[in-house]
Amino acid sequence: MRFRVLILVGVLFLLVGCGGEEAEPVVEVEPTATLGVRGTVMVPTAASLSGAAGETGGETDGAAGDSGEVIGEPKLGAVAEFRLPNGMVAERVGVPAGSFTMGSAEGSDDEVPVHEVHVDDFWLDRTEVTNDMFAGFVADTGHVTTAEEKGESEVYADGWVVVGGAYWAAPEGPGSGIDGLGNEPVVHVSWDDAQAFCAWAGGRLPTEAEWEKGARGTKEVVWPWGNEFDDSRLNCGMEDCSGDGEMGIAAVGSYPNGASPFGALDMAGNVWEWTADWYAYNYYSESPSSNPLGPDSGEEKVVRGGGWEFDSNVTRTTYRGADGPMETYHNLGFRCVADGS
């Protein structure tokens, strides 16, 4: 995503890692079941999160209901299957109710004041929404995306350029396609497109507070895995990342060792993600302490997580990006949430 970059004060130490306490581990249990049965809630083991995405084990209470619905109380590390309206099965991770510390005193000026926020329990998509998932949504609803209506979108090619005919199914413009890329995050989607998909899937876009809690857990960690930057745990491409600006989008779940404390994947890097909230520079100074929903209005929506062509700074769990809700880019996608019990 191309957006105005906020000036960072005192953040250089983050680029080399600030050390300190690692994120709380995902709950470990002895595997007793295999993923693939609709209606089973699973708890991933540490081994499963270091292996291929989607491998889990360990059954807990809960059940999958109708399309988009997961019944049961979200639990730390729980992975629940849910069924999309077209029958496709996806996964969400449980984020229990409780408080966490939001913001960073070492980040950008819009990340302060650091404050405690209570968030009710919710289910968070384990990965970003994929091309296959979005294709099912389009086939089921006939949805026409903002980029298709505009007839253009922005593509990164040694800089951002507007390309006529670029949209989610032709991500680099005419002649390109998504054959073989079904498990990559869908891109070139506006905020309206993302919101429409989430509603179809029985959910909604996460609030900014929900997104940050899902990424960092209940400890004040800089990245989902802890306080030391490690480019083997995410897909990013410039300066202090291994890609040197040449990486592209990766399949979801390609970096399982970068999972958040709740087991969510790719919360740092790969593609930026829309949230539900309007952006305001000073919102944290007036944000309510329980379930904040962002400002009532604005010109830009908050985006989180950083993209494949950025460096480590913007992939921090507290970094706040923003863009107009009708904008579309080659590195901007989303994930959904569903309310808990």
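Ala, Val, Leu, Ile, Met, Phe, Trp, Tyr, Cys and Pro count as nonpolar, Asp, Glu, Lys and Arg as charged, and the others, Gly among them, as polar. The structure is a predicted model, in which local features need pLDDT of at least 70 and side-chain atom pairs count only at pLDDT 80 or more, while totals for chains, interfaces and linings use all residues. Residues are numbered from 1 along each chain as its sequence is written, and side-chain values use heavy atoms, with hydrogens and water left out.

**Exercise 1.** Work out how the residues of the lining of the largest pocket divide into nonpolar, polar and charged.

*Solution.* A pocket is an open set of points on a 1 Å grid over the protein atoms alone, where a 1.4 Å probe fits and protein lies on both sides within 12 Å along at least five of seven lines; lining residues have an atom within 4 Å of a point. Sorting the lining of the largest pocket gives 12 nonpolar, 5 polar and 6 charged residues.

**Exercise 2.** Find which residues of α2 are buried, and what they pack against.

*Solution.* Helices such as α2 are DSSP runs of H or I with at least four residues, strands are runs of E with at least two, and both are numbered from the N terminus. Buried means under 20% relative accessible area (1.4 Å probe, protein chains only), and in α2 this holds for Asn131, Met133, Phe134, Gly136, Phe137 and Val138. As a next step, look for contacts (heavy atoms within 4.5 Å): the buried residues of α2 pack against β6 and α4. Finally, follow the chain past α2 to Gly142, whose phi is positive, near 75°.

Key: Buried means under 20% relative accessible area, exposed over 50%, partly exposed in between (1.4 Å probe, protein chains only).
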